[in-house]
Amino acid sequence: MNTRTIRTLAAALSLTSALAISGCSGEAEPQLVVTSAFMPQPVNDKMAGAFMVISNPTEYPDKLVGATSPLSDDLQIHETKDQKMQQVQSMDVPADAALKLERGGNHIMFMGLKSTPKVGDKVTVELRFEKAGSVKVELDVKERTYNAQAPTSTAGHGH
């Protein structure tokens, strides 16, 4: 091999390495931010709802695909359409937007609670996302009538 060929191969290898490294960081997982997370105090140990805002400030969409908690072995993602609640396998977390889990709308449902948390308690939940992986969240247990004040209009979504 002559010097010119070696230099060309070295340049190609350097460029390939740089693209591979930037490709890994460029196709990064969404960095999701969870705010306003709460659970109204459950009436009994049969079920409870969890509400929050999951913000995705990146250009990469994601999906909420599951949740786990020491409080229950059965957490479900629920969608509300036409005032009817139904379990779904996932929910989209759009790029540069937020997924709002709120009263009267989409939420996470705890079925068969192992204990009944009281106002002031904290409930740990691990949310699982398709791309971002797991995100641990602490839910503040609030009064049964509590409803978080959303920064934008929630007309039609009241409970």
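I started with burial: of the 159 residues of the chain, 33% count as buried (buried is under 20% relative accessible area, exposed over 50%, partly exposed in between, with a 1.4 Å probe and protein chains only). Note to self: this is a predicted model, where local features need pLDDT of at least 70, side-chain atom pairs count only at pLDDT 80 or more, and totals for chains, interfaces and linings use all residues. Residues are numbered from 1 along each chain as its sequence is written, and side-chain values use heavy atoms, with hydrogens and water left out.

**Overall layout**

I pulled up the secondary structure and got 1 helix and 10 strands. Both kinds are DSSP runs numbered from the N terminus, helices being H or I with at least four residues and strands E with at least two. The helix leads from the N terminus, and the strands follow it.

I then checked contacts, meaning heavy atoms within 4.5 Å. Among those between residues at least 6 apart in sequence, 71% join residues at least 24 apart.

For the surface I have about 9,800 Å² exposed, with carbon and sulfur atoms supplying 52% of it. Those areas come from the Shrake-Rupley method with a 1.4 Å probe, and for residues only the protein chains shown count as cover.

**Strand 4 and its partners**

Next I looked at which strands pair with strand 4. Pairing here needs at least two bridges found by DSSP between two strands. Strand 8 (residues 107-111) runs antiparallel to strand 4, joined by 5 bridges, and Asp 74 has Met 111 as its bridge partner there. Strand 5 (residues 84-88) is also antiparallel to strand 4, with 5 bridges, and I found Ile 77 opposite Val 88.

Strands 4 and 5 make a hairpin with 2 residues between them. I clicked on Asp 82 in that turn and read a positive phi of about 50°, although Asp 82 is not a glycine. Is Asp 82 buried or exposed? It counts as exposed, because its relative accessibility is 76%.

**His 78**

I stayed in strand 4 (residues 74-81) for His 78. His 78 counts as buried because its relative accessible area is 6%. Skipping neighbours within four places in sequence, I listed its contacts: Met 85, Gln 86, Gln 87, Met 91, Asn 106, His 107 and Met 109.

The side chain of His 78 also makes a polar contact of 2.7 Å with that of Gln 76. By polar contact I mean a pair of N or O atoms within 3.5 Å; within protein, one must be able to donate a hydrogen and the other to accept it, and residues adjacent in sequence count only if both atoms are side-chain atoms.

**Ser 36 and two loop residues**

Another non-glycine with positive phi turned up: Ser 36, at about 55°. Ser 36 sits in strand 1 (residues 33-40) and is partly exposed, at 45% relative accessibility.

I moved on to Gln 41, in the loop between strand 1 and strand 2 (47-56). Gln 41 is buried at 17%, and beyond four places in sequence its contacts include Pro 117, Val 119, Val 141 and Arg 144.

Last stop was Arg 103, in the loop between strand 7 (97-101) and strand 8. What does the side chain of Arg 103 reach? One target is the backbone oxygen of Tyr 146, at 2.7 Å. The backbone oxygen of Arg 144 lies 2.6 Å from a polar atom of that side chain. Arg 103 is buried at 13%. I also noted Asn 147, 44 residues from Arg 103 in sequence and 7.3 Å from it in space, C-alpha to C-alpha.
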